[in-house]
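Please look through the structure below together with its sequence, and follow the chain as you read. The paragraphs after it begin at a single residue in a loop and then move to a helix and to the nonpolar interior.

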Amino acid sequence: MKIYFQKKDFNIGKELNNFSKKNKKVGSIISFVGKVRPVNNNNKLKFMEIDCYKKMALHQTNKIIDILISKGGIIDYQVIHRFGKLLPSDNIVLILVASQHRKEGFFFIEDLIKWFKSKITFWKKEFYLNSSAWLKSQK
């Protein structure tokens with residue numbers, strides 16, 4: 001059960017393989033990878049900058065994960081969320097979850113992503129060919 005906020009990219013296959021090896025007795029392992037879109041609102045993206053207050057983001061993430069785990073069925077998880085300058089198609093977030101059944105794992109990922117987009121302390125700014133825009137939290 002780990003959470004990482006980092007600038008460096010992650011290797012999806014390596015992370016999934018390591019996570020799977022340590023969770024051999026589960027019924028389900030589900031992964032989610034979020035990537036930088038090349039186009040947003042009809043604007044071609046040059047790059048995105050993500051900033052975070054790591055201490056607060058970690059506190060907020062742990063808080064929601066505690067709530068999600070209390071619902072039952074989750075055995076293990078790993079979350080990697082990047083910050084810094086990211087280019088189109090770069091990886092942003094990796095969520096791995098081991099659960100007794102797939103249903104709990106899918107709910108865990110869906111709920112956690114909703115929190116990342118609405119409540120966790122990240123600031124995202126997209127830079128386009130001729131302009132830039134801060135992304136608003138999704139409700």
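In this predicted model, Asn41 is exposed, with a relative accessible area of 64%. The residue sits in the loop between strand S3 (39-40) and S4, and Asn41 has a positive phi of about 50° even though it is not a glycine. To see why that deserves a remark, recall that most residues other than glycine have a negative phi. A second case is Ser89, which is not a glycine either and has a positive phi near 75°. Ser89 belongs to the loop between strand S6 (84-86) and S7, and with a relative accessible area of 48% it is partly exposed, since the exposed class begins over 50%.

From these loops we can turn to helix H2, which covers residues 54-70. At 1.5 Å a residue, its 17 residues should span 24 Å, and the C-alpha atoms at its ends are 24 Å apart, which agrees with that expectation. Which residues of H2 are buried? They are Ala57, Gln60, Thr61, Ile64, Ile65 and Leu68. These residues cover an arc of only 130° around the axis, which puts them on the same side of H2. The spacing can be understood from the geometry of an α-helix, which has 3.6 residues a turn, so that residues three or four places apart point the same way. On the other side of H2, by contrast, Lys55, Lys63, Asp66 and Ser70 are exposed. The buried residues of H2 pack against strand S1 (2-6), strand S5 (74-82) and helix H3 (102-118). Just after H2, Gly72 takes a positive phi of about 95°.

The buried side of the helix leads us on to the interior. In soluble globular proteins, nonpolar side chains tend to be buried together. Here the largest nonpolar core has 29 residues, and those with the most contacts inside it are Val79, Ile95, Phe108, Leu112 and Phe116. Two or more residues of this core come from each of S1, strand S4 (43-52), H2, S5, strand S7 (91-99), H3 and strand S8 (122-128), and H3 gives the most, with 5 residues.

Phe108 can serve as an example: leaving aside neighbours within four places in sequence, Phe108 is in contact with Ile65, Leu68, Ile69, Ile74, Tyr77, Ile95 and Val97. Apart from the largest core lies another core, of 6 residues, which includes Phe10, Ile80, Leu96 and Ala98.

Notes. Residues are numbered from 1 along each chain as its sequence is written. This is a predicted model: local features need pLDDT of at least 70, side-chain atom pairs count only at pLDDT 80 or more; totals for chains, interfaces and linings use all residues. Side-chain values use heavy atoms; hydrogens and water are left out. Helices (H or I, at least four residues) and strands (E, at least two) are DSSP runs, numbered from the N terminus. The expected span of a helix is 1.5 Å times one less than its number of residues. Buried means under 20% relative accessible area, exposed over 50%, partly exposed in between (1.4 Å probe, protein chains only). The arc is that of the directions from the helix axis to the C-beta atoms. Contact means heavy atoms within 4.5 Å. A nonpolar core is a set of buried Ala, Val, Leu, Ile, Met, Phe, Trp, Tyr and Cys residues joined through side-chain atoms within 4.5 Å.
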